[in-house]
Amino acid sequence: MWKTILRRILIMIPEIIILSILVFLLAKAMPGDPFTGSINPKADPAQIHHLMKINGLYDPWYQQYWNWVVHLFHGNLGNSYQYQEPVTRLISGRAVNTLWLALFTTVLTYCFALPMGMYAAKHEGKLPDSIIRIYTYVTYCIPFFVILVIGIWIFGYVLGWFPTTGSVSSTANPGFPTIASRLYHILLPGILGALFGTVNIVQYLRSEVIDAKGSDYVRTARSKGVPEKDIYRHHIFRNSLLPIAAFAGYSITGLLNGSLFTETVFSYPGMGLLFINSISYRDYTVITALVLIYGILNLLGTLLSDIILSIVDPRIRIQ
Amino acid sequence: MVKTKHKLIVAAVTFLAALTLAGCSNNSSSSSNSAVKFSTNYKNSDATDKSATKNGTLKLALVNNSPFQGITDPILGSNASDAMAFAPGNLNNLFKYDKNYKIVDGGLANQKLDRKAKTATITLRSNAKWSNGSDVTAKDIEYSYEVLANKKSTTQQYSSDFENIVGLKEYRDGTANTISGITFPKGENGKVAVIQFKKMAPSMKFSGNSFIWGSVEPYEYIKDVPIAKLAASDQIRKNPIFTGPYKLDKVVEGESTSWSPNKYYYGKKAQIGHITINVVSMNNIDKALQSKKYDSVVPFAAASLGGTDYKNLKNLKGYTNIGKPSLSYSYFAFNLGHYDTKTGKNVSDSNKKMANKSLRQAMMYALNIDQVTKKFGNGVKQRANTILPPIFDKYYDKSAKGYTLNIKKANKLLDDAGYKKRNGSKWRSDPKGKPLTIHFGAMSSSSSTEAVYQDYLQQWHKIGLNVKFTNGKPMEMNSFYDTLQKPTQNKMDLWLGVWSMSSEPTESQLYGDTAPFNYGHFVTKKNTELINKMNDSTSWNDTTRAKTFKEWQNYMNSQAGVVGEQFSYAWQPVNNRVKGFNISPANDDSFYSNLTLTSSKMK
């Protein structure tokens with residue numbers, strides 16, 4: 001298996017190189033440049049040209065690409081044009097915020113969804129099943145930003161239970177109060193995200209469990225007199241986790257993707273908002289760095305999913 | 001059977017959800033009447049509650065859809081959100097000014113201009129200190145020019161106008177280590193700096209002019225950081241020092257800042273215990289104010305809140321609305337020529353599609369901007385009758401007529417100029433009989449703004465002009481400016497843009513013959529003459545200068561090369577527990593130190 005993993009990682013290298021060239025070209029092909037947005041009567045166009053020049057933005061693309069690669073191997077992803085600070089620092093700051101929120105949301109989603117899926121399957125066709133199915137359909141069909149807006153309005157503004165902007169209180173003392181404040185800030189977006197993101201897991205799990213319920217090994221277990229609780233816990237649950245495990249790798253590496261809607265509504269500085277802003281500002285260094293990171297994460301996600309699958313189901317071996 | 005029932009329930013729930021959503025938005029299209037009259041000063045008659053003020057927190061919202069950049073240095077920062085996030089530190093402003101932005105004595109420094117000797121003497125007050133207790137020195141004044149002009153600086157604020165300072169160009173080119181034209185009669189650590197110019201300009205009397213920089217840099221504090229890396233340094237981002245009434249306690253990257261009184265401040269001591277500033281997105285600001293999360297929004301020269309917000313917030317209980325005319329305005333410009341990159345000059349071409357003045361005027365007479373503004377501006381916008389915003393009280397021409405709806409006149413102008421409908425076509429052709437299609441450039445924006453574009457197109461169609469969007473639809477901002485910045489472009493015949501001005505009213509950088517921002521390339525002898533006159537020796541007399549400005553505004557209107565569309569108010573609600581909230585430019589210098597609270601809870 002280690003051999004396979006190594007081989008997969010080696011294949012990723014040319015993929016990443018091709019990806020980076022594509023991203024680089026596409027970013028440059030967009031109309032405008034990092035300074036188009038800052039047109040104001042006080043900005044002298046000559047100074048803008050000067051800035052373009054010292055940043056090498058007039059060089060041919062292959063030269064710019066080469067410079068970028070050389071810097072990359074020195075651990076330098078360049079400076080953001082918009083934020084005027086190193087891209088690595090900018091992204092790591094945002095990544096921490098995104099990770100907090102995403103981790104919390106994902107854990108919570110599984111906590112809600114797994115029992116719901118099991119329960120629905122156990123009571124297939126009965127009232128609890130119908131309620132859970134309707135719940136998942138409804139949450140699935142309402143656009144998430146609408147939920148966020150309604151959620152922040154009711155729980156943030158009308159009831160005032162939760163903070164409505166940012167990732168941490170501006171007056172929290174360092175140490176424990178800061179951590180508590182951070183948790184408090186991700187509570188509402190996290191719960192909303194979890195409550196309304198259950199559909200995939202619930203539906204997959206439910207249908208798998210229903211399938212498994214009628215399978216031979218379950219019948220055998222039942223006939224042996226294994227208690228119903230243990231049948232579900234040991235036999236059915238583990239087997240039904242397969243499809244969920246299949247995308248678990250993605251959801252782990254996807255933690256860093258950030259949620260554009262949540263970040264916009266809660267003014268929460270994370271990766272999603274950074275990505276969109278960097279595109280509209282033509283902040284090339286940030287765009288290329290982010291796409292590269294996302295690309296690598298996706299490739300790793302596939303690999304991770306395969307590994308998780310092989311752990312969950314020993315019959316599967318990745319070759 | 002069971003399945004159908006389920007579907008029905010799902011459908012019902014969805015329908016209910018949709019209804020709830022519809023209930024959230026208010027789709028009534030009621031419009032308020034004419035422009036609202038705002039006061040710049042909220043005169044709170046309640047008495048200040050001393051303990052509430054001392055122990056309280058003033059909560060301000062920064063209305064922005066994205067995190068702020070976090071650059072506290074006004075030379076290196078390039079956008080409004082940073083300026084707002086760090087406003088309680090006064091952005092290290094040097095000068096106090098009056099309501100016309102004319103520099104007056106009494107700020108961190110006083111300025112004296114000597115026309116004969118061509119110098120500006122800047123004298124810091126004796127007790128001028130940074131928030132870490134160190135003195136503000138003459139070197140701090142000079143260092144701001146080094147940060148501005150250094151070749152490796154990341155600033156976008158540098159302009160060639162600064163090369164009017166003796167020795168500055170040499171410093172920029174690297175042939176000199178210092179700027180020879182800036183001297184210190186009482187030493188670098190003294191309080192006096194003298195700037196030697198090559199020529200003097202009347203605009204130097206005003207804040208925000210392009211010759212004298214209006215803030216100081218803490219030289220001692222940042223001298224070890226290379227200028228190229230200043231914007232990324234901890235001295236600028238994490239632990240910055242200020243000269244204003246409040247000092248920064250904490251900055252949470254991109255989302256909030258918190259402040260407490262700066263005991264070293266030279267002027268009236270700040271009174272409120274804490275000020276916090278939080279980023280709030282445009283979608284949430286109305287709800288946030290309605291639920292009393294904030295006392296107000298950070299006051300700024302440009303509008304943070306628009307017409308829809310005004311409709312939602314105008315009757316908000318416990319709050320009073322104040323406002324002042326914004327420094328920005330929207331305008332129509334016509335494509336009249338090209339920019340000659342060799343000579344660095346704009347050239348008007350008589351063969352351009354829009355070169356005919358009657359055609360331009362007719363297009364402007366066809367629009368009903370008054371009605372549009374009334375409908376969508378909700379009283380916080382008004383039709384721009386000139387291309388100079390009314391905040392420049394003394395220079396703005398109130399009596400200028402501008403262009404109001406007059407279809408009859410528009411048709412007559414076109415008929416007389418030979419733009420006639422020929423061969424039964426519903427569109428007018430040009431005087432030579434060739435079909436005429438006019439391309440209108442506009443930036444993609446909110447749905448209400450795009451509805452306005454549609455109205456304009458419809459009005460032009462009414463007078464028989466075939467006007468179409470460039471590229472068939474409103475353009476993304478980057479492509480829009482990318483097109484305009486080309487020295488010659490034929491994609492847009494006219495466009496709708498916005499300019500936000502500095503606090504000095506000369507618009508030579510927008511409409512001068514050498515200005516690259518003169519995207520319409522409108523150049524006439526008279527225009528150049530008037531623009532030059534705004535800063536020649538006759539304009540040292542304020543009355544004469546004001547007269548020149550008014551003459552220029554009327555001239556620009558008569559030529560219809562660039563025509564104002566809308567002025568807006570920078571307005572904001574203020575909670576009634578706040579006292580001393582006065583957003584007049586004359587109070588900019590001491591705005592934050594004048595604030596107090598009348599109760600510990602919001603009203």
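In this predicted model, the end C-alpha atoms of residues 142-163 of chain A lie 24 Å apart, and the span is 68% helix and 0% strand, where helices (H or I, at least four residues) and strands (E, at least two) are DSSP runs. That span is one of those that an unreviewed UniProt entry lists for chain A as "transmembrane region", residues 286-312 among them; such annotations may be inferred rather than shown by experiment.

| Residues of chain A | Distance between end C-alpha atoms | Helix | Strand |
|---|---|---|---|
| 142-163 | 24 Å | 68% | 0% |
| 286-312 | 37 Å | 100% | 0% |

Residues are numbered from 1 along each chain as its sequence is written, and chains are lettered from A in the order in which they are written. Local features need pLDDT of at least 70, side-chain atom pairs count only at pLDDT 80 or more, and totals for chains, interfaces and linings use all residues.

Chain B is assigned domain 1 (50-295 + 577-597) and domain 2 (326-569), with bounds that come from an automatic or database assignment. Their C-alpha centres lie 34 Å apart, and 10 residues of domain 1 are in contact with 11 residues of domain 2, contact meaning C-beta atoms, placed from the backbone, within 7 Å.

The largest nonpolar core has 162 residues, of which B:Ala61, B:Leu62 and B:Ala362 touch the most other members; such a core is a set of buried Ala, Val, Leu, Ile, Met, Phe, Trp, Tyr and Cys residues joined through C-beta atoms within 7 Å, and buried means that 20 or more other C-beta atoms lie within 10 Å of a residue's own. This core draws at least three residues from each of the two domains of chain B.

Definitions and conventions: A residue is buried if 20 or more other C-beta atoms lie within 10 Å of its own, exposed if 12 or fewer, and partly exposed in between; C-beta atoms are placed from the backbone. Two residues are in contact if their C-beta atoms, placed from the backbone, lie within 7 Å.
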